[in-house]
2 protein chains.
Amino acid sequence: MPTLLHLDSSASPLDRSVSRRLTARFARAWQARHGAAGYRHRDLATDPVPLVGAGYASLGVRVERHGAPVPLGDVPSFATSPAELHEWSLTHPLITELHAADTLLLGVPMYNFTVPAALKAWIDRVTFPGAHVDPATGDGRLTTTRVVVVTARGGGYGPGTPREPFDFQTPYLRAWCTEHLGVPDAHLRFVHAELTRAADVPALTPYRDLAATSLSTARTTLTALATV
Amino acid sequence: MPTLLHLDSSASPLDRSVSRRLTARFARAWQARHGAAGYRHRDLATDPVPLVGAGYASLGVRVERHGAPVPLGDVPSFATSPAELHEWSLTHPLITELHAADTLLLGVPMYNFTVPAALKAWIDRVTFPGAHVDPATGDGRLTTTRVVVVTARGGGYGPGTPREPFDFQTPYLRAWCTEHLGVPDAHLRFVHAELTRAADVPALTPYRDLAATSLSTARTTLTALATV
């Protein structure tokens, strides 16, 4: 069954969040095509993933020292304290949920040049040592996963713009997805809504047409991506 | 009175955290030089800054639309709901604490190529629109602040290394400090402990000497920086 894991990370609710409206558009089109049974939504802003704690770090170090990838079901046998077991109980379901998805949809507003803390808390938790490698084969578990990243940026950070060097959102997520998750670069799609604040920040008024075009293109692209 | 704001963000306690031990070294030397009265410590891992909520975003947008920088004391007059006032009550003290510091000391382990979610939660909260500009003069409020960033990275990400393109920690913090805080680039100091996992991850064993040199240099540099 096709499965979509849809994560939102904007602090703002749907009616004031460009990234939420765009991911919702993708989710609707995807469900129209594939049905609702395989759809999962997680709101990282209103239902935050707890920050990783000391037990997460110590358990991760012990698993990593082991060398060979550890089957997820065996991780508890590496724990030496209730705190470590508790950290794993917060972590394992999120990893399982990620592995079950054929499409991962990330709604990512740019906050201070990069991803919101809400998304980073999820990233820090699911990136457990060896979790995304199949211990039986040594291959990545997410080599067939598709990742669709929807960004919303108040300003313009696209290729060739003066602010491109300040985009620590797109290159960062690309690096994390390929290196830590093992998702092939060809399976990543980034859809950007640029200059979202042109509507209301006086200094960005000259860019309203660019913003409208960017949003319109993002909408069309997402609908197309959801229906393949 | 000289004032040091010391922030730690490692999930691990002092005895298992390179970044915490290094910032503690700086803090001890600083206090030996300047006394304890101006020293402030905040542990972003064990005492997390709450994720910014919808009220933070809506209040920030309203203040930003105003155009001219708003005096911090006037921000509550822009609030239109108890939720916005609550968000500001979580934010204003952190901004005041930051402005009071002549030196900001950040302990930053690299988590998944960038800063921990714990630090990003603080960054997302203190980066309130216009907060770091003096409304009376239009100048930055942090033009004389010194920022000392202590990083600890399991691998090697220094200039010229194969992993340098995956460092979204140093260039990111440089961009945020200069562009959002208005701290001059010349006032930023980055001190790196590289290859901290060489001691225990089998694949990194060949780099133990490099790791030891990096740590030793970081210690010496931090003691020197603390005593000027």
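In this predicted model, helix α5 of chain A, which spans residues 170-181, lies across three strands of chain A, namely β3 (103-109), β4 and β5, and it runs at about 160 degrees to β5(A). The strands beneath this description belong to an open sheet of chain A, in which five strands follow one another in the order β2-β1-β3-β4-β5 with parallel pairing. At the edges of the sheet stand β2 (39-43) and β5 (188-193) of chain A, each of which pairs on one side only, and the average turn between neighbouring strands, with direction ignored, is 15 degrees.

Strand β4 of chain A, made up of residues 146-152, can be followed through its pairings with two other strands. With β5(A) it pairs in the parallel sense over six bridges, and in that direction Ala152(A) stands opposite Ala193(A) of β5(A). With β3(A) the pairing is again parallel and extends over seven bridges, where Gly107(A) has Val150(A) of β4(A) as its bridge partner.

How many of the residues of β4(A) are buried? Seven of its seven residues are, so that the strand is mostly covered. In a regular strand the side chains alternate between the two faces of the sheet. For β4(A) both faces are covered, with Arg146(A), Val148(A), Val150(A) and Ala152(A) buried on one side, and Val147(A), Val149(A) and Thr151(A) buried on the other.

We turn now to the relation between the two chains. Chain B can be laid on chain A with an RMSD of 0.0 Å by a turn of 180 degrees, combined with a shift of 0.0 Å along the axis, and the two copies are therefore related as by a two-fold rotation axis. Within chain B, the C-alpha nearest that axis belongs to Ala117(B), at 2.5 Å from it.

The contact between the chains draws on 42 residues from chain B and 42 residues from chain A, and the area buried between them is about 3,300 Å², of which 64% comes from carbon and sulfur atoms. On the side of chain B, the residues that lose the most area to chain A are Leu51(B), Asn112(B) and Phe168(B), which together give 18% of what that side buries. Because 100% of the interface residues of chain B are also interface residues in chain A, the copies meet through the same surface.

Two loop residues of chain B add local detail. Leu44(B) is found in the loop between β2 (39-43) and α2 (54-65) of chain B, and it is buried, with a relative accessible area of 0%. Apart from neighbours within four places in sequence, Leu44(B) is in contact with Leu51(A) of the other chain and, within chain B, with residues including Leu7(B), Val49(B), Ala118(B) and Trp122(B).

The second residue, Asp167(B), has its place in the loop between β4 (146-152) and α5 (170-181) of chain B. Is Asp167(B) buried or exposed? Its relative accessible area is 8%, which means that Asp167(B) counts as buried, the limit being under 20%. The side chain of Asp167(B) makes a polar contact with the side chain of Arg153(B) at 3.3 Å, while a polar atom of the Asp167(B) side chain lies 2.9 Å from the backbone nitrogen of Thr170(B). When neighbours within four places in sequence are left aside, Asp167(B) is in contact with Met110(B), Phe113(B), Arg153(B) and Tyr157(B).

Notes:
Residues are numbered from 1 along each chain as its sequence is written. Chains are lettered from A and ligands numbered from 1 in the order in which they are written. This is a predicted model: local features need pLDDT of at least 70, side-chain atom pairs count only at pLDDT 80 or more; totals for chains, interfaces and linings use all residues. Side-chain values use heavy atoms; hydrogens and water are left out. Two strands pair if DSSP finds at least two bridges between them. Helices (H or I, at least four residues) and strands (E, at least two) are DSSP runs, numbered from the N terminus. Axes are lines fitted to C-alpha atoms, for helices over the stretch in contact, and angles run from 0 to 180 degrees between N-to-C directions. Contact means heavy atoms within 4.5 Å. Copies are superposed by least squares on the C-alpha atoms of residues with pLDDT of at least 70 in both. Buried means under 20% relative accessible area, exposed over 50%, partly exposed in between (1.4 Å probe, protein chains only). A polar contact is a pair of N or O atoms within 3.5 Å; within protein, one must be able to donate a hydrogen and the other to accept it, and residues adjacent in sequence count only if both atoms are side-chain atoms. Buried area is the accessible area (1.4 Å probe) that two parts lose on being put together, summed over both.
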